[in-house]
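Colleague: Please take one part of this model and go through it closely, residue by residue where that helps. I would like a single connected account that ends with how the part sits in the whole chain.

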Amino acid sequence: MTPRPRVALVHTGGTLGMDPEGRPLTPEVLRDLLAALTDLKKMADLDVQVFTNIDSSDATPRLWQELARRVDSLV
């Protein structure tokens, strides 16, 4: 039997992780996005991680380095 592919989703914050009904926007940590991935869940093993939950304008070089290390650890 062929092993299923592994897909890693590393959340870094921003629009995709926000509740569109909340005012102001509030983090909902991928709830709706993950619910929409039902087809992908049937085809692959998902590894979903929340790395951070910030706006991209708040990212720093240090955070980019930490993200690069996290992604490298998944390979």
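Modeller: E66 is partly exposed, at a relative accessible area of 29%, because that value falls between the 20% below which a residue is buried and the 50% above which it is exposed. The model is a predicted one, and the part I have chosen is helix 3, which spans residues 61–74. Its mean pLDDT of 95 is the highest among the elements of the protein.

The side chain of E66 meets that of R62 in a salt bridge, with 3.4 Å from N to O. The two residues lie about one helical turn apart, because four places in helix 3 separate E66 from R62. R62 counts as exposed, since its relative accessibility of 61% is over the 50% limit. As for the pairing itself, side chains of opposite charge can pair when their charged atoms come close.

L67 also has its place in helix 3. L67 has a relative accessibility of 24% and so counts as partly exposed, since a buried residue would have to be under 20%. Neighbours within four places in sequence aside, L67 is in contact with V10, T12 and F51. For one of these, T12, the separation from L67 is 55 residues in sequence, while the C-alpha atoms are 8.6 Å apart in space.

V10 leads on to Q49, which lists V10 among its own contacts. Q49 is found in strand 4, residues 45–50. Q49 counts as buried because its relative accessibility is 18%, under the 20% cut-off. With neighbours up to four places away left out, the contacts of Q49 are L9, V10, H11, R70 and L74. Strand 1 covers residues 6–11, and L74 is the residue at which helix 3 ends.

Strand 4 also holds D45, which forms a salt bridge with R4 at 3.0 Å from N to O. This pair links distant parts of the chain, 41 residues apart, with R4 in the segment before strand 1. D45 is partly exposed at 39%, and R4 is likewise partly exposed at 39%.

A further salt bridge lies in helix 2, residues 38–43. There D39 pairs with K42, the closest N and O atoms being 4.0 Å apart. The spacing is about one helical turn, because D39 and K42 are three residues apart in that helix. K42 is exposed, with a relative accessible area of 62%. The count of salt bridges in the model comes to four.

For the whole chain, the order of elements from the N terminus is β-β-β-α-α-β-α, giving three helices and four strands. Of the contacts between residues at least 6 apart in sequence, 62% join residues at least 24 apart. Buried residues make up 19% of the 75 in the protein. The accessible surface is about 5,700 Å², and carbon and sulfur atoms account for 58% of this area.

Confidence varies along the chain. The mean pLDDT is 82, with 77% of residues at 70 or more. Strand 3, residues 26–27, has the lowest mean among the elements, at 61.

Technical notes: Residues are numbered from 1 along each chain as its sequence is written. This is a predicted model: local features need pLDDT of at least 70, side-chain atom pairs count only at pLDDT 80 or more; totals for chains, interfaces and linings use all residues. Side-chain values use heavy atoms; hydrogens and water are left out. Buried means under 20% relative accessible area, exposed over 50%, partly exposed in between (1.4 Å probe, protein chains only). Contact means heavy atoms within 4.5 Å. Accessible areas come from the Shrake-Rupley method with a 1.4 Å probe; for residues, only the protein chains shown count as cover. pLDDT is the predictor's confidence in each residue, from 0 to 100.
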